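Visitor: I would like a close look at a single part of this protein, one helix and whatever it touches. Please take me through that part and then place it in the rest of the chain.

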Amino acid sequence: MGVSERTVWRWLEQAKSTGRAEAPVRQGYAVSDEVWALLGEAGGNVSELRRRLVAAGGEVAIPSMSTLCRVIRRDRRAGRLC
C-alpha cells in the first residue's frame, strides 16, 4: 500500500473509533466573497491580504501564506477576479 505499518494501525484505530472504514472527505479552504473584496482593496497583493486577515483576527482560522496563495491562484485560473 506504500505506507508504514504504523499508518495502517492508525487507520484501523480510527475505523474502530468512528465506525467508518473510508477516508474522511476533506473540505479544503475556500476564499469567501468578503476575502476577495479585501484582496481587491489590497490591490491583489496576497501578502497584504494575509496581514489584514491576521490584524482583523476573529473566529475564523487564518490559512498559511502558502495555502492562501495556492487557493487564490486556483480560483484565478478558474476565472475569478478580485
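Guide: Take helix α2, whose buried residues pack against two other helices, α3 (46–56) and α4 (65–77). Keep in mind that this is a predicted model.

Helix α2 spans residues 33–41, and its buried residues are V35, W36, L38 and L39. These four lie on the same side of α2, because they cover an arc of only 160° around the axis. The face turned away from that buried side carries the exposed residues D33, E34 and E41. So α2 has a buried side, which includes V35 and W36, and an opposite face with exposed acidic residues, E41 among them. With a relative accessible area of 57%, E41 is over the 50% cut-off and therefore counts as exposed.

One of the buried residues, W36, can be followed into α4. Helix α4 contains D75, and D75 touches V31, W36 and R80, leaving aside residues up to four places away in sequence. D75 itself counts as buried, because its relative accessibility is 17% and the limit for buried is under 20%. The contact between D75 and W36 is thus one to look at when you turn the model to see how the buried residues of α2 pack against α4.

The other face of α2 leads to α3 through a salt bridge. In general, side chains of opposite charge can pair when their charged atoms come close. Here E41 forms a salt bridge with R52, and the closest N and O atoms are 3.8 Å apart. This pair links distant parts of the chain, since E41 is in helix α2 and R52 is in helix α3, 11 residues apart. R52 is partly exposed, at 29% relative accessible area.

R52 has a second partner, E48, with 3.0 Å from N to O. E48 and R52 are four residues apart in helix α3, which means that about one helical turn separates them. E48 is partly exposed as well, with a relative accessible area of 24%. Through these shared partners, salt bridges join E41, E48, R51 and R52 into one network. The link to R51 is a salt bridge between its side chain and that of E48, at 3.2 Å from N to O. R51 and E48 are three residues apart in helix α3, so they too are separated by about one helical turn. A search of the whole structure finds four salt bridges; among them are E41 with R52, E48 with R52 and E48 with R51.

Now follow the chain out of α2. Just after the helix, G43 takes a positive phi of about 70°. G44 lies in the loop between α2 and α3. At 22% relative accessibility, G44 counts as partly exposed, because it falls between the 20% and 50% cut-offs. G44 and I72 are 28 residues apart in sequence, yet their C-alpha atoms are 9.9 Å apart in space.

That leaves the setting. The protein chain has four helices and zero strands, and from the N terminus on the elements run α-α-α-α. A compact globule of 82 residues would have a radius of gyration near 12 Å, whereas this chain has 18 Å. Along the principal axes, the C-alpha atoms fill a box of roughly 50 × 30 × 20 Å. Of the 82 residues, 20% count as buried, and V35, W36, L38 and L39 of α2 are buried residues. Among contacts with a separation of 6 or more, 42% come from residues 24 or more positions apart. The chain exposes about 6500 Å², and carbon and sulfur atoms supply 54% of that area.

At the N-terminal end, a nonpolar surface patch of about 360 Å² is made by M1, V3 and W11. V3 sits in the segment before α1 (5–18) and counts as partly exposed, with 36% relative accessibility.

To return to α2: its buried residues pack against α3 and α4, while E41, on the face turned away from the buried side, forms the salt bridge with R52.

How values were computed
Residues numbered from 1 in each chain as written. Predicted model: local features only at pLDDT ≥ 70, side-chain atom pairs only at ≥ 80, totals over all residues. Heavy atoms only, no water. Patch = residues over 30% accessible without salt bridge, like charges linked within 9 Å, V, L, I, M, F, W, Y side chains within 5 Å. Areas by Shrake-Rupley, 256 points an atom, 1.4 Å probe, with all protein chains shown as cover. Buried < 20%, exposed > 50% of the residue type's maximum accessible area, 1.4 Å probe, protein only. Rg over C-alpha atoms; globule rule 2.2 N^0.38 Å. Contact = heavy atoms within 4.5 Å. Arc of directions from axis to C-beta.
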